[in-house]
Amino acid sequence: MAAMGLGFHNERATPMQIDGKTVIVTGAARGIGRGIAEAFANQGANVVAADLGSLALEAGSDWHYSLSAETELEAAASEINQRGGTCMAIEVDVSDRDSCQNLVDESVAAFGGLDILVNNAGIIQTGPIVDFAESDWDRVFAVNVKGIFLMSQAAIPHLTKIGGVIINVASVAGKRGFAHMGAYCASKFAAIGLTQSMAAELAELSIRVNAICPGNVDTSMWFDHLSKSKQRQQEYSTDTVEETFAAVIQDRVPLGREQTPSDMAEAALYLTRADNVTGISLTVSGGFEMN
Ligand code: NAD
């Protein structure tokens with residue numbers, strides 16, 4: 001029997017074609033952001049790789065581990081271009097309103113519009129809540145939460161023109177609390193809340209907003225900070241950061257392997273194309289977190 005007679009709606013919107021679209025990826029100089037930028041370039045997108053670059057000297061040099069350097073941002077962009085992709089590097093500090101506006105303005109001027117925003121830039125600081133520095137708390141929220149707000153505010157007027165996509169990189173730490181990770185967990189729970197709120201609000205403009213929640217990815221965030229935390233090394237009685245990371249994966253990840261930037265890139269491509277999906281927080285963690 002024809003489904004139409006029963007009142008079913010089988011029409012399907014066409015999934016967004018990534019080829020020729022313009023995407024901004026923040027925190028793209030290395031790690032997960034770089035993986036996402038490369039994947040969009042492979043699909044034929046015009047990619048704006050945004051990161052602190054030389055601004056790290058002002059905004060990031062006093063952080064607890066090294067944020068990316070100017071050379072890394074340039075290298076990420078030029079490698080994409082050498083492989084035949086289209087990528088422009090632009091410096092941004094996502095915690096600064098003018099800097100976010102400038103990033104969006106320059107991207108639109110270069111490529112004629114904006115279709116996709118990936119809010120990936122993020123920082124972490126761990127430690128017992130009882131003596132956690134207020135300045136660290138503020139800094140984590142300024143990048144991980146306010147950064148999403150400021151970048152989205154600058155991008156939305158352009159995204160509305162085509163029915164665009166926002167993807168926020170949250171974390172499994174946005175779904176469950178972990179000891180010594182109060183500020184980071186709270187910031188990632190907030191990122192998920194903001195994702196849902198924007199999804200509900202922007203749906204009528206045909207803008208979809210989703211989050212990705214990575215599990216354990218061997219980036220600088222893990223190796224330069226998390227693996228070195230005294231708590232982790234004592235928990236697993238390991239000597240090196242590599243051993244700590246491997247022990248965490250073995251102990252906690254049902255699928256028994258770490259996650260990679262390309263796992264996160266796959267999720268970002270899916271969320272870009274999934275035209276009937278908004279407001280979700282897609283966990284990619286090998287079963288470490290099942291919500
Ligand atoms: P990373 O430290 O390698 O990359 C983060 C990037 O963000 C760096 O290049 C850094 O320079 C940039 N950045 C920091 N502050 C910035 C600012 N104010 N303005 C612009 N850029 C800024 O770490 P990563 O693991 O690739 O992290 C990427 C995202 O994934 C983060 O949001 C992080 O919280 C999230 N995440 C990572 C893991 C993991 O296991 N590595 C797990 C869950 C979530």
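**Around the ligand**

Trainee: How many residues surround the ligand, and which are the closest?

Mentor: Keep in mind that this is a predicted model. A residue joins the shell if one of its heavy atoms lies within 4 Å of the ligand. The closest are Arg30, Asp51, Asn120, Tyr184 and Thr219, and the residues that surround the ligand number 29.

Trainee: Which residue has a side-chain N or O atom 2.8 Å from an oxygen atom of the ligand?

Mentor: Let's go through the polar atoms together. A polar backbone atom of isoleucine 32 is 2.9 Å from a ligand oxygen, and a backbone N or O atom of valine 92 lies 3.5 Å from a ligand nitrogen. The side-chain atom at 2.8 Å from a ligand oxygen belongs to arginine 30.

Trainee: How much of the ligand does the protein bury?

Mentor: Start with the ligand taken alone, which exposes 820 Å². Of that area, the protein buries 98%.

Trainee: Which element gives the largest share of the shell around the ligand?

Mentor: Good one! Helix H1 (31-42), helix H6 (182-202) and helix H7 (220-225) are the elements that give two or more residues to the shell. The largest share is three residues, and it comes from H7.

Trainee: Where does the ligand lie with respect to domain 1 and domain 2?

Mentor: The ligand sits in the largest pocket. Its shell draws residues from both domain 1 (22-215 + 261-284) and domain 2 (218-258), so the ligand lies between them.

Note on methods: Residues numbered from 1 in each chain as written. Predicted model: local features only at pLDDT ≥ 70, side-chain atom pairs only at ≥ 80, totals over all residues. Heavy atoms only, no water. Polar contact = N/O pair within 3.5 Å; in protein donor to acceptor, adjacent residues only side chain to side chain. Areas by Shrake-Rupley, 256 points an atom, 1.4 Å probe, with all protein chains shown as cover. 1 Å grid on protein atoms, 1.4 Å probe; cavity = no way out; pocket = protein on both sides within 12 Å on 5 of 7 lines; lining within 4 Å. Sits in = over half its atoms within 2 Å of the grid points. Helix = DSSP H or I, 4+ residues; strand = E, 2+ residues; numbered from the N terminus. Domains from an automatic or database assignment.
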